[in-house]
Amino acid sequence: MTNTATAGATTAPASGPRRRTKKQTPAPTGADRIPRPSQGWYRVPGTDTKLRRVTTILSQGFPKPQLVFWAANLTAADAFATLPTLVAASLRPAEKEAAYDWLRKGHIRKKDERGEIGGAVHDVIEAHVLGTPLPEALLNDRELAPFLDNFLRFVAEWEIEFEASEMTVGNFTDGWAGKLDYLFRSRRIAECLRVPANTLFIGDTKTGGELDEKGVYPEAGAQMSAYRRAEVAWLRDGTQIPMPAVHDVGIVLHLRPEGYRPMPLKCGDDVYAVFRHVQAVAEFQRSLSKSVVGEALTLPAPAEEVAA
């Protein structure tokens with residue numbers, strides 16, 4: 001099954017008043033040629049092709065029971081941490097709804113917080129890739145400081161050499177696109193995995209959970225397996241190139257204020273086969289599921305009533 005879609009196709013009328021020819025949009029140039037994500041899709045500029053977003057496929061087709069318990073635990077922790085305030089609000093109708101809304105959105109606040117950390121890490125990688133100084137705003141942020149310190153330790157201790165960062169990749173045959181965190185080489189990681197020192201790896205950063213307990217889940221391997229099987233990649237200047245060959249083990253950097261762990265995750269063809277299954281489930285949820293359940297049946301009228 002493929003999730004490649006054609007957008008904006010119309011059929012001209014066979015007859016009728018002549019219409020003005022629509023002015024053609026100039027062909028995209030430079031970085032404008034890079035597909036951008038929008039509502040679960042990547043539209044390829046200058047074409048009618050849309051590719052399903054990898055993270056959307058995984059969110060719609062991959063079961064995540066652990067997120068249910070995580071959200072429940074987070075809500076319980078927030079409730080006990082603010083119990084006097086919540087009790088007081090429960091006695092005031094004007095405040096009750098706001099307190100309820102704050103409590104139920106705890107998981108959204110946590111995701112936003114992680115997104116800020118992830119964005120900061122990506123900015124650091126960008127600086128390394130481009131050879132530019134680290135942004136002052138990051139260096140002066142006390143909350144982000146331990147994350148960035150540990151990230152820089154990882155880069156130095158494991159001799160990380162970044163090849164690309166935030167690179168959009170796609171597979172036209174299987175109908176998806178996404179943005180990988182980074183591509184890198186590391187003599188020390190290659191040594192641990194017993195592969196050549198110049199091996200190219202896919203990397204990703206996760207900031208949730210706790211070190212050595214939780215925070216890195218198997219679906220990260222499924223995500224990297226998709227990126228590994230990309231057919232094309234877009235450079236910063238918008239140039240489309242064949243996806244570079246990368247190893248079938250990717251590295252997830254589990255980054256926390258108290259330290260870091262480089263976690264190897266399988267992302268070979270066997271894991272990609274699972275991703276394709278997840279893609280089929282996600283496509284079912286997106287389209288076919290809406291027409292599976294029909295209207296309730298009603299008993300036909302008795303034969304004598306029909307005859308009458």
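## Glu166 and strand S5

Glu166 lies in strand S5, and in this predicted model the phi of Glu166 is near 50°, a positive value in a residue other than glycine. Most residues other than glycine have a negative phi. Glu166 is partly exposed, with a relative accessible area of 27%.

A second residue with this kind of backbone angle is Glu159, whose phi is also near 50° and positive although the residue is not glycine. Glu159 sits in the loop between H7 and S5, just after H7. Its relative accessible area of 30% makes Glu159 partly exposed.

## The chain as a whole

Let's step back to the overall picture. The protein chain has 11 helices and 11 strands. Of its 308 residues, 36% count as buried. About 19,000 Å² of the protein chain is exposed, and carbon and sulfur atoms supply 55% of that area.

How much of the contact set comes from residues 24 or more positions apart? Among contacts in the protein chain with a separation of 6 or more, such pairs account for 64%.

## Helix H7 and its buried face

Helix H7 covers residues 145–157, which is 13 residues. From the first C-alpha to the last, H7 reaches 18 Å, close to the 18 Å expected at 1.5 Å a residue. The buried residues of H7 are Phe147, Leu148, Asn150, Phe151, Phe154 and Val155. Seen down the axis of H7, these buried residues fall within an arc of 165°, so they line one face of the helix. As background, an α-helix has 3.6 residues a turn, so residues three or four places apart point the same way.

## Salt bridges around Glu159

The structure holds 12 salt bridges. One of them joins Arg188 to Glu159, with the closest N and O atoms 3.4 Å apart. Arg188 lies in helix H8 (residues 187–193) and Glu159 in the loop between H7 and strand S5 (160–171), so this pair ties together parts that are 29 residues apart in sequence. Both partners are partly exposed: Arg188 has a relative accessible area of 38%, and Glu159 has 30%.

Which residues are linked with Glu159 in a network of salt bridges? They are Arg187, Arg188 and Glu191. Glu159 therefore combines a place in this network with a loop position between H7 and S5 and partial exposure, at 30% relative accessible area.

## Two further salt bridges

Asp204 forms a salt bridge with Lys206, the closest N and O atoms being 3.2 Å apart. Is Asp204 buried or exposed? At 7% relative accessibility, Asp204 counts as buried, because the cut-off for that label is under 20%. Lys206, on the other hand, is partly exposed, with a relative accessible area of 25%.

Another pair is Glu258 and Arg256, whose side chains meet in a salt bridge at 3.8 Å, N to O.

## Met224 in helix H9

Asp204 turns up again among the contacts of Met224. Met224 is in helix H9 and is buried, with a relative accessible area of 1%. Leaving out residues up to four places away in sequence, Met224 touches Ile202, Asp204, Gly250, Ile251, Val252, Leu265 and Cys267. One of these partners, Leu265, is 41 residues from Met224 in sequence, and the two are 8.6 Å apart in space, C-alpha to C-alpha.

## Helix H1 and its neighbours

In helix H1 (residues 54–61), the residues Val54, Thr56, Ile57, Leu58 and Gly61 are buried. What do the buried residues of H1 pack against? Their partners are strand S4 (49–53), strand S6 (176–186), helix H9 (219–228) and H10.

The pair Ala280 and Ile57 spans a long stretch of sequence: the two are 223 residues apart along the chain and 8.8 Å apart in space, C-alpha to C-alpha. Ala280 has its place in helix H10. Ala280 is partly exposed, with a relative accessible area of 30%, whereas Ile57 is among the buried residues of H1.

## A nonpolar patch at H10

Helix H10 (residues 269–292) also holds Phe284. Phe284 is partly exposed, with a relative accessible area of 35%. Together with Leu288, Val292 and Val293, Phe284 makes a nonpolar surface patch of about 390 Å². Helix H10 thus includes Phe284 of this patch, and H10 is also one of the elements that the buried residues of H1 pack against.

Notes
Residues are numbered from 1 along each chain as its sequence is written. This is a predicted model: local features need pLDDT of at least 70, side-chain atom pairs count only at pLDDT 80 or more; totals for chains, interfaces and linings use all residues. Side-chain values use heavy atoms; hydrogens and water are left out. Patches are made of residues with over 30% relative accessible area and no salt bridge: like charges are joined within 9 Å, nonpolar side chains (Val, Leu, Ile, Met, Phe, Trp, Tyr) within 5 Å. Accessible areas come from the Shrake-Rupley method with a 1.4 Å probe; for residues, only the protein chains shown count as cover. A salt bridge is a side-chain nitrogen of Lys or Arg within 4 Å of a carboxyl oxygen of Asp or Glu. Helices (H or I, at least four residues) and strands (E, at least two) are DSSP runs, numbered from the N terminus. Buried means under 20% relative accessible area, exposed over 50%, partly exposed in between (1.4 Å probe, protein chains only). Contact means heavy atoms within 4.5 Å. The expected span of a helix is 1.5 Å times one less than its number of residues. The arc is that of the directions from the helix axis to the C-beta atoms.
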